[in-house]
Amino acid sequence: DTLTDVKEKGYLQCGVGQGLPGFSSPDESGHWQGIDVDVCRAVAAATLGDANKVKYTPLSAKERFTALQSGEIDILSRNTTETFTRDTALGLDFAGINYYDGQGFMVRKGLGISSAKELSGAAVCTNAGTTTEMNAADYFRSNGMDYKIVAFEKMDEVVVAYDAGRCDVFTTDRSGLAAQRSKLKEPAKHMILPETISKEPLGPVVRHGDNRWGDVVRWSLRVMKNAEEMGVTSSNVDAMRADKSNPARNRLLGTAGNMGEKLGLSKEWSYNIIKQVGNYGEAYSRNLGPTTPINLPRGINNLWTNGGIQYAAPIR
């Protein structure tokens, strides 16, 4: 199985995007970073004890599922929407949601448009091989509007085409619009329209039938969410681990029971995730939060205890 393969080769092969700031993109030194990258790092910390033992494979939307199906990668963590067809017909399983999103539209402020209902006759730039094409088709047809899709395989090609004026509208997930706007020549001259036209639950994907590996990925993400809920961070995890007063926290940090054994992992698997990667809130803040160029509010991606819908099953 994949867990055995990863342990034997000593690294995790992770499929990521080709450069979406905040989700998966290389910095100036070539080090990958983003909230999707942090899922891969968490899995590496859990399985290998080292969050840095990851090799990254940048994939286009068209390539991503084939790469996972063929075994070229161990996990796909690339702002990928879970849908019925993807979950049932491709031989793949979604292992959790690390970002709840929805599709939107971005236009130039100079067009004087304030609503997506005013986009009839527009040329719409988007990424080929994604849910955005079908969502756009559904939206325009249901509102009786004409449109023309201008699709490109690589997202950077979409950005260049939109910036050059080859289309009137840029559509993708709202988080993606916020991220890609930072790449435009004059970001301040572009606005994201208020409408959200779809549900886009994004999360990591594994091969169907490899149940133990699916559990490892699923619970690695849940560890990060549970840690935030319990107030355990990368900076206080050692102190929290020494304090045995909270039974649920003891199980989370491996000082009570042996939860790692049930996954084929060490007792330190969850501690390693939190110590080396941090909890979900830490990952969100450093990649997407108000101190980043993306500046996305938590919104529905807040914990359920703070008014959002991020909710993780308990470790018990």
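**Figure 1. The second largest cavity and its lining in the predicted model.** The residues around the second largest cavity fall into six nonpolar, one polar and one charged. They are Ile35, Asp38, Val39, Asn98, Leu221, Met224, Tyr280 and Ala283. Two or more of these lining residues come from each of helix H2 (35-48), helix H8 (211-230) and helix H13 (280-288). Helix H2 provides the largest share, with three residues. The volume enclosed here is about 30 Å³. If you are setting eyes on Asp38 in this view, keep it in mind for the next one: Asp38 belongs to the cavity lining and also takes part in a salt bridge with Arg286.

**Figure 2. The salt bridge between Arg286 and Asp38.** Here the two side chains meet with 3.0 Å from N to O. Arg286 sits in helix H13 and Asp38 in helix H2, so the contact ties together distant parts of the chain, 248 residues apart. Are the two partners buried or exposed? Asp38 has a relative accessibility of 4%, which means that Asp38 counts as buried. Arg286, at a relative accessible area of 39%, is partly exposed. Arg41 joins in as well: Asp38, Arg41 and Arg286 are linked in a network of salt bridges.

**Figure 3. The salt bridge between Asp238 and Lys275.** The closest N and O atoms of this pair are 2.7 Å apart. Asp238 lies in helix H9 (residues 237-242) and Lys275 in helix H12, and the pair links distant parts of the chain, with their positions 37 residues apart in the numbering. Both partners are partly exposed: Asp238 has a relative accessible area of 36%, and Lys275 has one of 34%.

**Figure 4. The salt bridge between Arg249 and Asp243.** In this close-up the side chains of Arg249 and Asp243 come together at 3.1 Å, N to O. Arg249 is buried, with 8% relative accessible area, whereas Asp243 is partly exposed at 34%. For context, a search of the whole structure turns up eleven salt bridges, the Arg249 and Asp243 pair being one of them.

**Figure 5. The largest cavity and the helices around it.** How much space lies in the largest cavity? The answer is about 50 Å³. Its walls are made by Arg251, Leu252, Gly254, Ala256, Gly257, Asn258, Met259, Gly260, Lys267, Trp269, Ser270 and Ile315. Helix H10 (247-253), helix H11 (259-263) and helix H12 (269-276) each contribute at least two of the lining residues. By class, the lining divides into five nonpolar, five polar and two charged residues. Two cavities of 30 Å³ or more are present in the structure.

**Figure 6. The largest pocket, with residues nearest its centre.** This pocket has a volume of about 310 Å³. Its lining counts 25 residues, and those nearest the centre are Arg78, Asn79, Asn127, Met155 and Thr172. At least two lining residues come from each of helix H5 (131-142), helix H6 (155-163), strand E11 (169-173) and helix H7 (174-181). H7 gives the most, with three. The classes are three nonpolar, 14 polar and eight charged.

**Figure 7. The second largest pocket and helix H7.** About 240 Å³ of space lies in this pocket. Among its 17 lining residues, Tyr99, Arg174, Ser175, Leu296 and Pro297 lie nearest the centre. Strand E7 (99-101) and H7 are the elements that give two or more residues to the lining, and H7 gives the most, with four. Sorted by class, the lining has eight nonpolar, five polar and four charged residues.

**Figure 8. The whole chain, for orientation.** Stepping back from the close-ups, the chain has 13 helices and 14 strands. Its C-alpha trace spans about 60 × 40 × 40 Å along the principal axes. The radius of gyration is 20 Å, which agrees with the value near 20 Å for a compact globule of 316 residues. Buried residues make up 54% of the 316 residues. Of the contacts between residues at least 6 apart in sequence, 71% join residues at least 24 apart.

Conventions: Residues numbered from 1 in each chain as written. Predicted model: local features only at pLDDT ≥ 70, side-chain atom pairs only at ≥ 80, totals over all residues. Heavy atoms only, no water. 1 Å grid on protein atoms, 1.4 Å probe; cavity = no way out; pocket = protein on both sides within 12 Å on 5 of 7 lines; lining within 4 Å. Points joined across faces, edges and corners; volume = space filled by probe spheres on them. Nonpolar A, V, L, I, M, F, W, Y, C, P; charged D, E, K, R; others polar. Salt bridge = Lys/Arg side-chain N within 4 Å of Asp/Glu carboxyl O. Buried < 20%, exposed > 50% of the residue type's maximum accessible area, 1.4 Å probe, protein only. Rg over C-alpha atoms; globule rule 2.2 N^0.38 Å. Contact = heavy atoms within 4.5 Å.
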